[in-house]
Amino acid sequence: MCDSCGCSQPDDAVTFTRPGGGAVGHGHHGPAGRVLKVEQDVLAKNAGIAAHNRDFFKARNIVALNLVSSPGSGKTTTLERTIRALKGTVEMAVIEGDQQTMLDADRINATGAPVIQVNTGAGCHLDADMVHRAMHQLDLGDNSLLFIENVGNLVCPAMFDLGEAAKVVIISVTEGDDKPLKYPAMFDAAAVCVINKIDLLPHVDFDLARCKEYARQVNHRLQFFEISATTGEGMSGWLDWLQQQL
Amino acid sequence: MSLAMGIVDLVTGQAKEAAAQKINLVELEVGRLAGVMVEALTFCFEAAARDTPAQGAQLEIVEVEGRARCLACETVFAADSLVMQCPKCGSYATDIVQGKELRVLSLIVDE
């Protein structure tokens with residue numbers, strides 16, 4: 001919901017109602033007409049396509065990971081280092097999501113891994129249909145890893161299931177260590193948290209233990225990896241985990 | 001915005017199936033833990049509904065409170081954010097049991 005903040009609307013455009021009760025505050029008189037029962041999830045269409053993607057991945061033993069983070073936390077650098085390290089042992093492919101440009105796809109392409117770029121235009125997240133269309137344009141091998149690099153955004157991608165095996169949230173130490181509390185939906189939705197740029201820890205005011213504590217308060221099941229995609233420090237644990245997923 | 005467009009797609013499809021010409025009201029259930037900003041959604045809905053049978057429809061939000069269960073002591077408690085600490089034993093090892101809803105409940109339509 002980041003496309004528009006909605007601040008220019010009149011106050012009476014929003015109604016507040018308790019379950020089973022009437023409107024809160026001013027009296028509300030609903031418009032006349034025939035009532036249609038619907039009772040459908042707003043995200044049902046996306047969920048259906050995501051389930052189809054998941055079945056496809058499962059049938060071919062493709063482990064799809066949905067990489068989510070703020071812009072600039074090092075998703076693409078982490079992928080470059082990961083692909084170069086695992087090349088020859090694991091088959092890998094990448095779906096790159098950005099609003100504009102081929103820049104990230106070009107970087108992945110240079111590693112030799114098959115990649116397709118999805119440009120979402122004004123869209124702030126990938127959805128299951130975009131991934132569905134992208135995956136059929138990639139030559140995905142059986143028993144392989146598929147990295148889906150989502151649009152850099154810690155809010156909306158949390159809501160959209162792509163059919164992935166797990167969401168991996170990446171946070172870098174140049175961000176605030178309170179990010180898990182500020183953007184809890186993403187940390188709640190993720191199974192794995194990669195803390196990147198740990199080579200910069202001596203230079204920044206980032207408390208690693210506090211960040212992990214905050215993240216655990218939101219999601220007690222989160223698994224952590226502390227890495228530097230630039231120097232390679234801490235990468236072995238992350239790489240081992242990836243290989244264990246296949 | 002894509003959520004709002006999803007709602008408009010859903011409700012205009014339902015209205016068409018019921019041979020209704022115009023949607024006057026959309027009743028939407030939103031959980032407090034669904035990660036949806038009601039104000040932004042309402043604003044986007046108005047924009048997304050333009051030039052559809054849902055244009056001008058009132059969006060009525062039915063809020064659902066968040067509830068979580070403590071895995072340590074089984075206490076079920078009200079949770080108004082995703083940082084959910086058990087009020088009884090203090091544990092953060094909790095699971096959401098209610099509050100992630102995002103559903104269209106009903107419509108009021110004209111023939």
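**Exercise 1. Work out how many residues each chain gives to the contact between chain A and chain B.**

*Solution.* Start with the count: chain A puts in 39 residues and chain B puts in 42 residues. Two residues are in contact here if their C-beta atoms, placed from the backbone, lie within 7 Å.

Next, look at chain A's side. Strand 1 (34-41), helix 6 (184-189) and helix 7 (208-218) of chain A are the elements that give two or more residues to it. Helices (H or I, at least four residues) and strands (E, at least two) are DSSP runs, numbered from the N terminus. Strand 1 of chain A gives the most, with eight residues.

Last, sort that side by class: 18 nonpolar, 11 polar and 10 charged residues. Ala, Val, Leu, Ile, Met, Phe, Trp, Tyr, Cys and Pro count as nonpolar, Asp, Glu, Lys and Arg as charged, and the others, Gly among them, as polar.

A word on the model before you go on. It's a predicted one, where local features need pLDDT of at least 70 and side-chain atom pairs count only at pLDDT 80 or more, while totals for chains, interfaces and linings use all residues. Residues are numbered from 1 along each chain as its sequence is written, with chains lettered from A and ligands numbered from 1 in the order in which they are written.

**Exercise 2. Find the order of the strands in the four-strand open sheet, and say which stand at the edges.**

*Solution.* First, pair the strands; two strands pair if DSSP finds at least two bridges between them. Strand 1 of chain A runs antiparallel to strand 6 (residues 102-110) of chain B, over six bridges. One of the bridge partners is B:Arg103, which sits opposite A:Asp41. Within chain B, strand 6 also pairs with strand 1 (residues 22-31), antiparallel over eight bridges. There, B:Ile23 has B:Val109 as its bridge partner.

Now put it together: the order is 1(A)-6(B)-1(B)-2(B), and the pairing is mixed. Strand 1 of chain A and strand 2 (58-64) of chain B are the edges; each has a single partner strand, so one side of each has no neighbour in the sheet. On average, neighbouring strands are turned by 20° against each other, direction ignored; the axes behind such angles are lines fitted to C-alpha atoms, for helices over the stretch in contact, and angles run from 0 to 180 degrees between N-to-C directions.

**Exercise 3. Do likewise for the open sheet of three strands in chain B.**

*Solution.* The order is 4-3-5, with antiparallel pairing. Strand 4 (76-78) and strand 5 (94-98) of chain B stand at the edges, each with a single partner strand, so each has one side without a neighbour in the sheet. Here the average turn between neighbouring strands is 35°, direction ignored. For a closer look, take strand 3 (residues 67-70) and strand 5 of chain B, which share four bridges; B:Cys70 has B:Thr94 as its bridge partner.

**Exercise 4. Name the buried residues of helix 2 of chain B and what they pack against.**

*Solution.* Helix 2 covers residues 38-49 of chain B. A residue is buried if 20 or more other C-beta atoms lie within 10 Å of its own, exposed if 12 or fewer, and partly exposed in between, with C-beta atoms placed from the backbone. That gives B:Ala40, B:Leu41, B:Phe43, B:Cys44, B:Phe45, B:Ala48 and B:Ala49. These residues pack against helix 1 (2-17) and strand 2 of chain B. Just after the helix, B:Asp51 takes a positive phi of about 60°.

Technical notes: Expected span 1.5 Å × (residues − 1).
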